[in-house]
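Me: Pick one part of this model and take me through it closely. Keep it brisk, and show how that part relates to the rest.

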Amino acid sequence: MAETESVGKKIWIGTATGVLVILITSSLIPWLRENVLLPFVRALCRWGAAIGNHLTSSATIPLWLLWILIGLSGIVLLRIASFILHSKGNAAIQPSAQRLNWHSFTELVYEGIRWVWQYDSSGRVTEIAPLCPICAYQLDLRHDARPYDLQAITIFWCDHCKKVKGQLDGEYEGIRIRVHKEINRLYQTGEWENIVRRQMAARK
Ligand SMILES: [Zn+2]
């Protein structure tokens, strides 16, 4: 008996709640629409129209003020442009931070003579040649001997400058091997990178 009563009570409460919700929403939603939503939309439209009118209307300002504004805009644009160029310039200088290719090391000055060489397909140093450090002409070799002990010497002659560019102890083959060993030493110590960077800077 008590169970039936409680079920009836639940139905009654549920119906009452439903009616109340319908009443509230049916009266509240139109009220919200009229008093909140529509005024808000109207205000938004008015605001947009006012900004549009303001932007499309023309203003009269003195020419001196116009020129000042143009000048200021120009200065700002130039500053931005120089900033961009400067950062690009830095990026261009930065390659010093990049690793260099070992094969870009193809010349050095040793005993006052400019030596150049190439690399074969397996990366070995080949075709070492002496050049004049002034005019880059390939030097001619003259074999001679020291007058007092008759030890072999090699004289490097520039036929372009018409001058002796160096005189080194030993046969040319021995000198060439010394240059090759110097190239290997510079490679092992990593000094070759500094030499290549200096050469690249000098060519700029
Ligand atoms: Zn020369």
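Reply: Start with strand 5 and strand 6 (residues 163-169), which run antiparallel and are joined by 6 bridges. This is a predicted model. One pair to pick out is Cys-158, whose bridge partner in strand 6 is Lys-163. The two strands form a hairpin, with 4 residues between them. Lys-162 lies in that loop between strand 5 and strand 6. Look at its backbone: phi is positive, about 55 degrees, although Lys-162 is not a glycine.

How crowded is the surrounding of Lys-162? There are 7 other C-beta atoms within 10 Å of Lys-162. The cut-off for exposed is 12 or fewer, so Lys-162 counts as exposed.

Now go to the other neighbour of strand 5. Strand 4 (residues 140-145) also runs antiparallel to strand 5 (residues 152-158), and 6 bridges join the two. His-143 has Thr-154 in strand 5 as its bridge partner. Strand 5 thus bridges to strand 4 on one hand and to strand 6 on the other. As a general point, side chains in a regular strand alternate between the two faces of the sheet.

Strand 4 and strand 5 form a hairpin too, with 6 residues between the strands. Leu-150 sits in this loop. Leu-150 is not a glycine either, yet its phi is positive, about 60 degrees. Leu-150 has 9 other C-beta atoms within 10 Å, so it is exposed as well.

Next, follow strand 6 away from the turn. Leu-168 falls within strand 6, residues 163-169. Leu-168 also belongs to the largest nonpolar core, together with Trp-115, Ile-175, Val-179 and Ile-183, 5 residues in all. Helix 3 (residues 172-189) gives the largest share of this core, 3 residues. In general, nonpolar side chains tend to be buried together in soluble globular proteins. Ile-183 has further contacts: leaving out residues up to four places away in sequence, Ile-183 touches Leu-108 and Val-125.

Finally, place the hairpins in the whole chain. The domain assignment gives domain 1 (1-59) and domain 2 (102-203). By those bounds, strand 4 and strand 5 fall in domain 2, and so does strand 6. The C-alpha centres of domain 1 and domain 2 lie 93 Å apart.

Definitions and conventions:
Residues numbered from 1 in each chain as written. Predicted model: local features only at pLDDT ≥ 70, side-chain atom pairs only at ≥ 80, totals over all residues. Domains from an automatic or database assignment. Pairing = 2+ DSSP bridges. Buried ≥ 20, exposed ≤ 12 C-beta atoms within 10 Å, placed from the backbone. Core = buried A, V, L, I, M, F, W, Y, C linked by C-beta atoms within 7 Å. Contact = placed C-beta atoms within 7 Å.
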